[in-house]
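Hi everyone, thanks for coming. I have one structure to walk you through today, so let's put it up on the screen.

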Amino acid sequence: MRRRILLLSVGMTTLVVLAFAIPLMLLMRSAAEDDALERAGLRLETVAYYVGDRDKSVEDITDFLAEVKTQGPGAISVCLHDGTVLGDAAPDQDDVLVSGSGYGGAGKGKGPPKLSDTKVKRLAGGVVKEIQVDRGENGAAVRIYLTNAQLREGLVPDLLVLGAGSLLVLLLSIAGAELVTRRLTRPLEETAGTAERLARGEVDARAPTTGPAEVAKVGAALNGLADRIDEVISVEREAVADLSHRLRTPLTALRLQVEALPDRERAEELNTQVNALERALTAVIRSARRPQREGRVPHCDATEVARRRAAFWAPLFEDQGRELVVDVPPGPLPVRAAREDLAAAIDALVENVVAHTPDGVPMRLSVASARVGASGGALLTVADEGPGIPLGAGERGRSDRGSTGLGLDIARRCAEASGGHLVIRPTQPHAVVELHLGAP
């Protein structure tokens, strides 16, 4: 986002600089040409007054032209009435029209010579300025020719100054745009980071409330939402604690009444049911209080949980003559699942193998890194060499082998809660169950 804003700002500034610089360059070129023509006009008038002196001979005019030539740019020429051209002939010299006594006085008056209005003619390679001079009976035409390069002489340094100024303005605008975009986007990036931390379960994460008013408002709203979530979780925890107290009291009274029964066999049977009810109640309360221990998003190390559950089941496998192969990576593989839920899922899968395969059938428990979506995760596999898994065994409550049919459903719900899924490969004579677990 910051890059897009910066590019947009630089693009707009570049357009503004060009909108001012291009017309200014054209204006500077026009001013340079006008200035060069004005200076050339002054030299042209000087030559014209000199040529207008009837006492000056052709040799005098030629020497004067050689002297004036060194005083500035341009090719100066004088065309006499008889077609003689003195000095440096300009292009299109044949177009010069020399008048005779068109200025009056017939060459007998005194005073400065009469000059015609200056005429300017643009050629392909430059500009010609011309003045006609009255020399009495015989007139003359004085011309000065400036090439385009001579017209714009001295313009390059000015253009370089203009270009440097434009570049400086552009660099300053880039620096300013960078500062503005950082001030605008940094709070947004921090706010987005806070939202991601809250999604990972970091309950103490808070967004900054600095920067532009709109961004600060978003940060304050996110902080308010986080505080409200904490309040809701706190209320739920209190409700769970109250539920625990309210249920344990009648449960204790029921236990006392059972123990007071005269029929001891019946009392033991009821006491067993009461204990089971108490364990179920404890499990519900612990499950409800899990967010307090694990944060908003549960997570655990799949490698550690798999290794612990394999160690738990190892004695039973040894008694039944089964080979238990455990293949887990040396490093941790964090997954988006509670430790207890993942342990229950592994136990359910291992229990299915123990319950539905003959003694001596080996089993393999493996954990590997996997990709679930774009966030990574782990692939937990339980494979055995038994008779396989019947079709439809993954449906909740369905079993054709005398069990409750809830084992595979427990594993499926654990995988789906993590953002993954359960895959059953009921191949004969082998069975493979894969848990695709998402990353926290």
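How many helices and strands does the secondary structure of the protein come to? There are 10 helices and 12 strands, taken as DSSP runs numbered from the N terminus, with helices being H or I of at least four residues and strands being E of at least two.

Some housekeeping. This is a predicted model, where local features need pLDDT of at least 70 and side-chain atom pairs count only at pLDDT 80 or more, while totals for chains, interfaces and linings use all residues. Residues are numbered from 1 along each chain as its sequence is written, and side-chain values use heavy atoms, with hydrogens and water left out.

Of the 440 residues in the protein, 37% are buried, meaning under 20% relative accessible area with a 1.4 Å probe, protein chains only. For contacts (heavy atoms within 4.5 Å) between residues at least 6 apart in sequence, 64% join residues at least 24 apart.

Now to the largest nonpolar core, a set of buried Ala, Val, Leu, Ile, Met, Phe, Trp, Tyr and Cys residues joined through side-chain atoms within 4.5 Å. It has 33 residues, and those touching the most other members include Val 335, Ile 346 and Leu 365. Helix 9 gives the most to this core, with eight residues. Apart from it lies another core, of 23 residues, among them Phe 64 and Leu 80.

Next, the cavity. A cavity here is a set of points on a 1 Å grid over the protein atoms alone where a 1.4 Å probe fits but cannot get out, and lining residues have an atom within 4 Å of a point. Grid points are joined across faces, edges and corners, and the volume is the space filled by probe spheres set on the points. There is one cavity of 30 Å³ or more, and the largest holds about 30 Å³ of space.

Which elements supply at least two residues each of its lining? They are helix 8 (302-319), helix 9 (339-356) and strand 9 (363-370), and helix 8 has the largest share, four residues. Ile 346 and Leu 365 from the core appear again among the lining residues.

One lining residue to look at is Arg 309, found in helix 8. Is Arg 309 buried or exposed? Arg 309 counts as buried because its relative accessibility is 18%. Leaving out residues up to four places away in sequence, Arg 309 touches Ala 343, Ile 346 and Asp 347. The C-alpha atoms of Arg 309 and Ala 343 are 6.7 Å apart.

Key: On a 1 Å grid over the protein atoms alone, a cavity is a set of points where a 1.4 Å probe fits but cannot get out, and a pocket is an open set with protein on both sides within 12 Å along at least five of seven lines; lining residues have an atom within 4 Å of a point. Buried means under 20% relative accessible area, exposed over 50%, partly exposed in between (1.4 Å probe, protein chains only).
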